[in-house]
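Open the model in your viewer and keep the selection tool at hand. We will go from stop to stop, picking residues and looking at what is there.

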Amino acid sequence: MTTSKKNIIALCLSLALVSCQKATEQTSFLLLGDIHYDKIENHDLAWLATTKDDLRQVTTEYTQWTANNWDGFAANFMRVIDSLSPSIKAVAQMGDLSEGLAGTPALAEQMAECVFEMWDSLGIAIPTVVTKGNHDITGPGAVEAFDKIYLPNMARLAGVDSLSSANYAVQVDDDVLFVCFDPWDRKGDNLDKLAANLASSDARYKFVLVHEPIIPINERCWHILRRDNDRRERLLEIIAKEQAIVLCAHMHLYSVVRRDTPWGPIVQILVNSVIRDPQMLEPRNIITEYGPSLATNVPDWEPETLDQRVAWLEAETPHVKYFKVMDLPGFGILSIDKATDRILLDYYAGYGKTPYETTDISEIINLK
C-alpha cells in the first residue's frame with residue numbers, strides 16, 4: 001500500500017472518530033404535554049352527564065379531536081424524530097395521557113388499556129417516561145386502574161423493572177436523569193421522594209417531570225402547593241439545588257419561564273399536545289409580561305378568586321426573569337450539546353414540518 005493511500009485511510013478513520021465523538025456528545029428528547037386521548041366507547045355517558053361540563057367536552061371536543069387529529073399529529077412527531085441525527089434518546093410525556101372520566105371501574109380499566117394499545121401502535125423503540133396527570137386518575141375506579149394498568153405499562157415503557165408509584169427516576173443516558181414527581185401521592189412525603197430521586201444520580205443534566213406547573217403562568221394560577229407556602233419553598237429548594245429543569249403541562253399552553261430562588265434559578269418548560277386545529281401553526285396570542293395583569297386582564301374567570309390570584313402573581317413577579325406563554329399546541333424537541341453545555345428547545349406547532357421557534361434554554365439559565 002502506498003503512503004498516500006495510508007494517509008487517506010488514516011484521514012477517513014480520523015474523521016469517522018470525530019463524527020462518532022460528536023454524536024455521543026449530543027442528545028435529544030421528544031416532549032409531549034397533555035394528550036387526552038379519548039374514545040366515546042370508553043365512557044358511561046349517563047354518569048358523565050352528572051358532572052359539571054364533561055359530557056360536552058368529551059362528546060364535542062376530546063373524542064372529536066382524537067378521531068380527527070391524533071393520527072396526523074402522531075405521524076408528524078414520528079416523522080420529525082425519525083429524521084433527527086443523532087436519534088432521540090427518550091420521550092417525556094407530562095401527564096393526562098387519557099381523558100379519564102370513564103364513569104365506571106370497568107370502563108376506567110378499558111380506557112387505560114386503550115391508551116397504551118394506542119401508544120404501542122406507534123412503534124417507538126426508545127424509553128417513554130410518562131408522568132401522572134389529574135385526568136388519568138379522575139372518575140370512578142380511575143385511581144385503581146392507574147395502579148393496576150398504568151404503573152406496569154409506565155414501567156415497561158420506561159425500561160424499569162417495576163413501579164410502585166408515579167414518583168420514579170429514569171436514567172436515559174450517562175448524563176441525563178428524568179425524575180417524575182407525583183403531587184397527589186399521599187403515601188409518605190412526596191417531597192422526600194423527589195429529593196431522593198434527584199440525588200440518586202450524579203447526572204450532569206436533570207429534569208423534573210410533573211403534570212401541574214411549579215410556577216404559575218396564566219390567569220388561573222394553577223401551580224403545585226400554591227396554598228402551602230412552606231412546602232412550596234422546599235419544593236423550589238430541592239429543584240434549584242439540583243439545577244433541574246422542570247417539564248410540565250396541564251394548562252394547555254406553551255410556555256417557558258425562569259424563576260430565581262435563593263438556591264439558584266429554575267427554568268420551567270410547559271407543553272400542550274392537545275391538537276384542536278391541525279392548521280394552527282401560529283399562536284393566537286403571545287404574552288411576555290409577567291405580573292398581576294395575567295389575572296386582571298381576564299376579569300371574567302372566577303372573579304371571586306381574583307384577589308388571591310393577584311397576590312400569588314405579585315409574590316412571584318420579582319423573581320421571574322424570563323417569561324413567555326402562548327396558545328400553540330404542539331410538541332418540543334429538547335437537544336443537549338454536552339461539549340458546549342448548550343440546551344436548545346425546538347417547538348413544533350401541531351402538524352408543522354419545521355420548528356415554530358428555537359429557544360436557547362442554556363442562555364435563559366445563565367441570564368444575569
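This tour covers a sheet, some charged pairs and some aromatic rings. The model is a predicted one.

**Stop 1: the sheet**

Switch to a cartoon view and find the open sheet, which is built from 8 strands. Trace the strands in the order 4-5-6-7-9-8-11-10. The pairing is mixed. Now look at the edges, where strand 4 and strand 10 stand. Each has a single partner strand, so one side of each is left without a neighbour in the sheet.

**Stop 2: strand 5**

Select residues 176-180, which make up strand 5. Is this strand mostly covered or mostly uncovered? It is mostly covered, with 5 of its 5 residues buried.

Show the side chains. Val 176, Phe 178 and Cys 180 point one way. Leu 177 and Val 179 point the other way. In a regular strand, side chains alternate between the two faces of the sheet. Here the residues pointing either way are all buried.

**Stop 3: the neighbours of strand 5**

Add residues 168-173, which are strand 4. Strands 4 and 5 pair in the antiparallel sense, over 5 bridges. Pick Gln 171 and look across to its bridge partner in strand 5, Leu 177. Then follow the chain from strand 4 to strand 5: a hairpin joins them through 2 residues.

Next, select residues 205-209 for strand 6. Strand 6 pairs with strand 5 in the parallel sense, again over 5 bridges. Val 179 stands opposite Val 208 of strand 6.

How does the chain fit together here? Add helix 6, residues 190-199. Strand 5, helix 6 and strand 6 make a right-handed β-α-β unit.

One step further along is strand 7, residues 245-248. Strand 6 and strand 7 pair in the parallel sense over 3 bridges. To see a facing pair, select Leu 209 and Leu 247, which stand opposite each other.

**Stop 4: charges around Asp 189**

Side chains of opposite charge can pair when their charged atoms come close. The structure holds 23 salt bridges.

Select Asp 189 and Arg 231, whose side chains meet in a salt bridge at 3.5 Å, N to O. The pair links distant parts of the chain, 42 residues apart. Asp 189 is in the loop between strand 5 and helix 6, while Arg 231 is in helix 7, residues 229-241.

Now add Arg 234. Asp 189 forms a salt bridge with Arg 234 too, the closest N and O atoms being 3.5 Å apart. Arg 234 lies in helix 7 and Asp 189 in the loop, so this pair ties together parts that are 45 residues apart in sequence.

Are these residues buried or partly exposed? Asp 189 is partly exposed at 27% relative accessibility. Arg 231 is partly exposed, at 27%. Arg 234 is partly exposed as well, at 29%.

Widen the selection to Asp 192 and Asp 228. Together with Asp 189, Arg 231 and Arg 234, they are linked in a network of salt bridges.

**Stop 5: along helix 7**

Stay on helix 7 and pick Glu 237 and Lys 241, which are 4 residues apart and so separated by about one helical turn. They form a salt bridge, with the closest N and O atoms 2.7 Å apart. Glu 237 is partly exposed at 24% relative accessibility, whereas Lys 241 is exposed at 53%.

**Stop 6: the rings**

Turn to the aromatic side chains. The count comes to 16 aromatic pairs. One of them is Tyr 290 with Phe 323, an edge-to-face pair. Their centres are 4.9 Å apart, with 85 degrees between the planes.

Where do the two rings sit in the chain? Tyr 290 is in the loop between strand 10 (286-287) and helix 8 (293-296), and Phe 323 is in strand 11, residues 320-326. The pair therefore ties together parts that are 33 residues apart in sequence. Tyr 290 is buried at 11% relative accessibility, and Phe 323 is buried at 5%.

For a group of rings, select Tyr 37, Trp 70, Phe 73, Phe 77, Phe 331 and Tyr 348. They form one aromatic cluster.

**Last stop: a charge over a ring**

Finish with Lys 132 and Phe 146. Lys 132 lies over the face of Phe 146, at 4.8 Å from the ring centre.

Technical notes:
Residues numbered from 1 in each chain as written. Predicted model: local features only at pLDDT ≥ 70, side-chain atom pairs only at ≥ 80, totals over all residues. Heavy atoms only, no water. Buried < 20%, exposed > 50% of the residue type's maximum accessible area, 1.4 Å probe, protein only. Pairing = 2+ DSSP bridges. Right-handed = clockwise from strand over helix to strand, strands pointing away. Salt bridge = Lys/Arg side-chain N within 4 Å of Asp/Glu carboxyl O. Phe/Tyr/Trp six-rings, centres within 6.5 Å; stacked < 30°, edge-to-face > 60°. Lys NZ or Arg CZ within 6 Å of the ring centre and 35° of its normal.
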